[in-house]
Amino acid sequence: NGSKIICTKLSTTSAARPSSSGGSQMSLEIDETLKKLDHMEQKANDLELSVQNIDKKRRKLNNEEVPLFHGGDRAGDYKKLKVECGKTGEQLMQLLESLDQMECTEGQTEQRRRRKQVANKLNTVLDKNDKIIEKLTLAIKSAS
């Protein structure tokens, strides 16, 4: 999509200047970037669990037999799950956008590696979510 993620690098003079905590300013920047990436990865893991739970509910609905005089709306149940998937997909896209706004220079190899790892994780979860939405759409059509 033409966007780049860049991690800013401090100059050598500011990197050599110790911070109040005793470490260099550069290591603080690196630590903050890695903390942000860890936080994003944790959110990705949480959203992956959410996607898995939605898929479990979908499979449970598929496997349940509907009683002859059942007053429930199976298509409605599938639609609720589809809305949940839509919300999860939106959260995943927001995380990807936040990740896309991170800036890393070529010298920050660890941050670039971690950013790529998190981006791959988010894309994998987003793909799973999209597949579930497709299955739910078919289930809604067949239940109607």
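**Figure 1. Met40 in helix α2.** Met40 is buried in this predicted model, because its relative accessible area is 9% and a residue counts as buried when that value is under 20%. This residue lies in helix α2, the helix made of residues 25-63. A residue from elsewhere in the sequence can also be found in this view, since Met40 and Leu95 are 55 residues apart in sequence, and yet their C-alpha atoms are 6.9 Å apart in space. Leu95 belongs to α3, where it is listed among the buried residues.

**Figure 2. The chain as a whole, for orientation.** The chain contains four helices and two strands, and when it is read along the sequence these elements follow the pattern β-α-α-α-β-α. Of the 144 residues of the chain, 32% count as buried.

**Figure 3. Helix α3 and its buried residues.** Helix α3, which covers residues 74-101, has 28 residues and reaches 41 Å from its first C-alpha to its last, close to the 40 Å expected at 1.5 Å a residue. The buried residues of α3 include Tyr78, Leu81, Cys85 and Thr88, and further along the helix Leu92, Leu96 and Leu99 are also buried. Two glycines, Gly76 and Gly89, are among the buried residues of this helix as well.

**Figure 4. Arg74 and the backbone of Leu61.** Arg74 is placed in helix α3. With a relative accessible area of 18%, Arg74 is buried, because the cut-off for that class is under 20%. A polar atom of the Arg74 side chain lies 2.3 Å from the backbone oxygen of Leu61.

**Figure 5. Helix α4 and its buried residues.** Helix α4 is made of residues 109-143, which is 35 residues, and it reaches 51 Å from its first C-alpha to its last, close to the 51 Å expected at 1.5 Å a residue. Among the buried residues of α4 are Val118, Ala119, Leu122, Val125 and Leu126, and the list also includes Ile132, Leu136, Ala139 and Ile140. Gln111 and Arg114 are buried in this helix too.

**Figure 6. The packing of α3 and α4.** Two packed helices are described by the angle between their axes and the distance between the axes. Here α3 and α4 pack at an angle of about 160°, with their axes 9 Å apart. That angle makes α3 roughly antiparallel to α4, because angles over 145 degrees are placed in this class. The crossing of the two helices, α3 and α4, is left-handed. The residues of the contact of α3 with α4 divide into 20 nonpolar, six polar and four charged.

**Figure 7. Leu138 and Tyr78.** Leu138 lies in helix α4, where it counts as exposed at 57% relative accessibility, because exposed residues are those over 50%. Tyr78, by contrast, is one of the buried residues of α3. Leu138 and Tyr78 are 60 residues apart in sequence, while their C-alpha atoms are 9.6 Å apart in space.

**Figure 8. Asn129 and Leu47.** Asn129 has its place in helix α4, and with a relative accessible area of 1% this residue is buried. Between Asn129 and Leu47 there are 9.6 Å in space, taken from C-alpha to C-alpha, although the two are 82 residues apart in sequence.

**Figure 9. Arg112 and Leu34.** Arg112 is found in helix α4, and its relative accessible area of 39% makes it partly exposed, because this value falls between the limits of 20% and 50%. The C-alpha atoms of Arg112 and Leu34 are separated by 9.8 Å, and these two residues are 78 residues apart along the chain.

Definitions and conventions: Residues are numbered from 1 along each chain as its sequence is written. This is a predicted model: local features need pLDDT of at least 70, side-chain atom pairs count only at pLDDT 80 or more; totals for chains, interfaces and linings use all residues. Side-chain values use heavy atoms; hydrogens and water are left out. The expected span of a helix is 1.5 Å times one less than its number of residues. Buried means under 20% relative accessible area, exposed over 50%, partly exposed in between (1.4 Å probe, protein chains only). Axes are lines fitted to C-alpha atoms, for helices over the stretch in contact, and angles run from 0 to 180 degrees between N-to-C directions. Angles under 35 degrees count as roughly parallel, over 145 as roughly antiparallel, 65 to 115 as roughly perpendicular and the rest as oblique. A crossing is left-handed if the near helix is turned anticlockwise from the far one by less than a right angle, and right-handed if clockwise. Ala, Val, Leu, Ile, Met, Phe, Trp, Tyr, Cys and Pro count as nonpolar, Asp, Glu, Lys and Arg as charged, and the others, Gly among them, as polar. A polar contact is a pair of N or O atoms within 3.5 Å; within protein, one must be able to donate a hydrogen and the other to accept it, and residues adjacent in sequence count only if both atoms are side-chain atoms.
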